[in-house]
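Biologist: Could you pick the part of this complex you find most worth a close look and walk me through it slowly? Please spell out your cut-offs as you go, and then tell me how the rest compares in outline.

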Amino acid sequence: MEARESFVKKHVKLLAMAFALSPLTVAAQSTIEQKIDALQQEVERLKQESRLRKEQAAPAAGADAGSATSIFGYGEFNYNRYRDSERTSKADLRRFVIGFGHRFSDELSFQSELEIEHAIASAADRGEVAMEQAYLNYRFSDAANVKGGLFLIPLGILNETHEPPTYYGVERNEVETRIIPTTWRELGFGLHGLVGQGFKYDAGITTGFNSGKLDDPSTGIRSGHQEGQLADAKDLSVYGALNYQAPGLLVGGGLFTGNTGQNGQANPLLKGVAARLTLWDVHAKYSIAGFDLQALYAAGTLGDADKVNAVTSTAATPFAAPKSLKGWYGQAAYHVYRRGDLDVAPFVRLERFEIRQQEDAALGLFQDPKNLERVQTIGVNFKVHPQVVLKTDIQHYKVDSTRNRFNIGLGYMF
Amino acid sequence: MSAIDPRLWVPVALACAAAPVQGAQYLTLEQAQRALFPEADAFAPAPLGGQRAWAASRGGALLGHVMVDEVIGKHELITYALGVGADGAVRSVEIMDYRESRGGEVRDPRWRAQFKGKRSDSPLRLEEDIQNISGATLSCRHLTEGVRRLLALHAAELKK
């Protein structure tokens with residue numbers, strides 16, 4: 001193409017020279033020059049067009065030339081210093097998460113996140129290696145996607161979007177830790193998509209909890225989660241979530257429900273016990289005039305909590321299953337300084353959570369007041385880059401003041 | 001309460017299978033050009049500083065430029081077209097290709113409408129003059145940065 005064009009150009013020029021040398025009038029010469037100019041412009045235009053057409057033939061050349069496989073990740077380094085001398089202050093590489101994605105075609109893709117908690121995982125260490133998600137997604141259209149595998153349950157704000165630069169505070173908020181067990185994932189199938197203007201739905205069938213594994217009421221139903229590890233799946237759960245989004249605004253909610261007795265697979269005494277768990281939440285997030293406002297309410301119930309407690313109780317955990325749980329928080333942040341990539345935003349968060357235990361006076365089991373807690377957090381997020389954040393805050397616990405602490409964290413995502 | 005029947009998801013899957021299959025491409029170049037300058041009768045290639053661009057005109061009078069660019073969303077490329085009027089103000093942003101399974105909210109016309117009227121001297125910073133969409137932050141940020149870059153390029157090239 002290039003060769004042919006320069007050939008054309010050369011001949012146009014030769015032709016022009018031949019005309020120019022012939023004894024013509026000045027007026028005629030100038031007309032010819034104009035024509036040559038026009039021809040040259042035409043050649044230039046054609047050349048450009050053919051180049052652009054070639055580019056357009058492969059508009060995604062950049063994407064495809066690299067690879068259909070991508071790597072991403074996030075992580076955080078946290079320091080917790082407790083006021084109470086009985087509690088140990090610690091610095092920790094809390095999370096190091098590496099993700100792999102692969103696009104098989106425009107419709108079919110794979111997403112995964114592999115997490116290493118507390119830096120080292122071995123028989124002698126406290127760390128753990130876990131899959132946070134690994135699922136396949138098939139897109140029929142924007143409004144209809146099907147996913148299958150291990151994926152995050154769309155309850156709350158934090159569970160699906162939990163990278164440190166995306167939330168305020170060094171530690172994740174208590175309500176979305178103890179009531180909604182973030183980072184909460186299940187094995188299953190889901191249907192999701194964007195419909196109307198700004199609506200996003202997600203619904204599906206997944207594995208659920210295993211009440212036979214409950215052993216820590218202070219974290220609600222978290223200890224009964226199965227995380228895709230040889231999950232007892234006699235009882236399945238269903239979930240549904242609907243969110244509405246507009247620029248700067250998010251309003252939504254989600255519901256998850258299913259039996260957790262698992263036919264006594266974890267504890268034979270739970271055979272025939274339904275122990276239905278239902279968790280739901282409503283949340284909102286709004287940004288205006290430099291303020292970031294956020295609020296969430298989450299609640300849940302566990303049926304047959306008395307039966308679960310009766311069979312799972314041990315001397316160490318006499319009171320394993322909560323009867324009901326609920327919590328809320330409100331948070332406000334203000335961007336006091338923004339320049340280029342720098343962003344300084346102090347924030348304050350008020351939280352309350354109530355994990356109600358199944359009391360049994362005959363056995364001397366009474367509610368642990370520490371599971372009815374109020375927390376105040378005040379701190380600042382300092383972003384040196386939109387994807388890298390330095391955080392610090394002070395947390396005050398109204399009931400269990402031994403938890404009062406000062407935190408520093410460094411987090412990133414890419 | 002009875003246990004949930006796993007066969008429940010079968011009708012869901014069938015409903016999906018019945019839905020029309022749609023690729024990642026939402027707009028071809030011609031469709032994007034027409035969406036940005038519906039009144040134009042000609043789009044002539046006019047690269048601006050190495051950037052793919054077309055001059056939109058009507059009856060020979062320049063209406064503005066269509067610039068096509070790609071940015072990375074979270075980890076996949078987004079192809080978009082920016083329409084800049086002859087006065088240097090943004091007309092609109094059109095998403096041509098979106099390949100990721102999450103973050104597609106940037107196609108929301110209300111989000112894209114925030115760019116209307118922006119100029120090369122506008123801040124064009126996410127969470128300042130362009131509001132974010134929760135859960136699609138990286139796509140929002142990178143598109144905002146892309147538009148900022150294209151407007152700077154547009155202004156610099158037209159000054160020459």
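Modeller: Let's start in the middle of a sheet: β3(B) and β4(B) run antiparallel to each other and are joined by nine bridges. Two strands count as paired here if DSSP finds at least two bridges between them. Helices (H or I, at least four residues) and strands (E, at least two) are DSSP runs, numbered from the N terminus. Before going on, the ground rules: this is a predicted model, so local features need pLDDT of at least 70 and side-chain atom pairs count only at pLDDT 80 or more, while totals for chains, interfaces and linings use all residues. Residues are numbered from 1 along each chain as its sequence is written, and chains are lettered from A and ligands numbered from 1 in the order in which they are written.

Back to that pair. If you want a place to put your cursor, Val68(B) sits opposite Ala81(B) in β4(B). Zoom out a little and the pair belongs to an open sheet of five strands, ordered β1-β2-β3-β4-β5 in chain B and paired antiparallel. At the edges stand β1 and β5 of chain B, each with a single partner strand, so one side of each has no neighbour in the sheet. From one strand to the next the twist averages 25°; the axes behind such angles are lines fitted to C-alpha atoms, for helices over the stretch in contact, and angles run from 0 to 180 degrees between N-to-C directions.

Now for what packs on the sheet. Helix α2(B) touches β1, β2, β3, β4 and β5 of chain B, and its direction makes about 160° with that of β5(B). A contact means that two C-beta atoms, placed from the backbone, lie within 7 Å. Which residues of α2(B) are buried? They are Ala32(B), Gln33(B) and Leu36(B), in a helix that covers residues 29–36. Looking down the axis of α2(B), these buried residues fall within an arc of 100°, so they line one face of the helix. That arc is taken over the directions from the helix axis to the C-beta atoms. The buried residues of α2(B) pack against β1 (42–45), β2 (53–58), β3 (61–72), β4 (77–85) and β5 (90–98). For burial, the rule is 20 or more other C-beta atoms within 10 Å of a residue's own; 12 or fewer makes it exposed, in between it is partly exposed, and C-beta atoms are again placed from the backbone.

A second helix joins in: α4 of chain B, residues 137–159, lies across β3, β4 and β5 of chain B and runs at about 140° to β3(B). In the whole chain there are four helices and five strands, and along the sequence they read α-α-β-β-β-β-β-α-α. Of the 160 residues in chain B, 44% count as buried. Among its contacts with a separation of 6 or more, 48% involve residues 24 or more positions apart.

Chain A, in outline, has five helices and 17 strands. Its 414 residues are 37% buried, and of the contacts between residues at least 6 apart in sequence, 59% join residues at least 24 apart. Here β1 (residues 69–82) pairs antiparallel with β2 (residues 90–103) over twelve bridges, and Phe77(A) has Leu93(A) as its bridge partner in β2(A). On top of that, β1(A) is joined by nine bridges to β17 (residues 405–413), again running antiparallel, with Asn78(A) opposite Gly409(A).

A few backbone oddities in chain A deserve a look. Most residues other than glycine have a negative phi, and most peptide bonds are trans. Ala119(A), though, has a positive phi of about 65°; Ala119(A) lies in the loop between β3 (108–117) and β4 (128–141) and is partly exposed, with 14 other C-beta atoms within 10 Å. Asp304(A) also has a positive phi, near 55°, in the loop between β11 (291–302) and α5 (305–312), but Asp304(A) is buried, with 23 other C-beta atoms within 10 Å. As for peptide bonds, the one joining Thr182(A) and Thr183(A) is cis, with omega about -5°, and Thr183(A) sits in the loop between α4 and β6 (185–195) of chain A.
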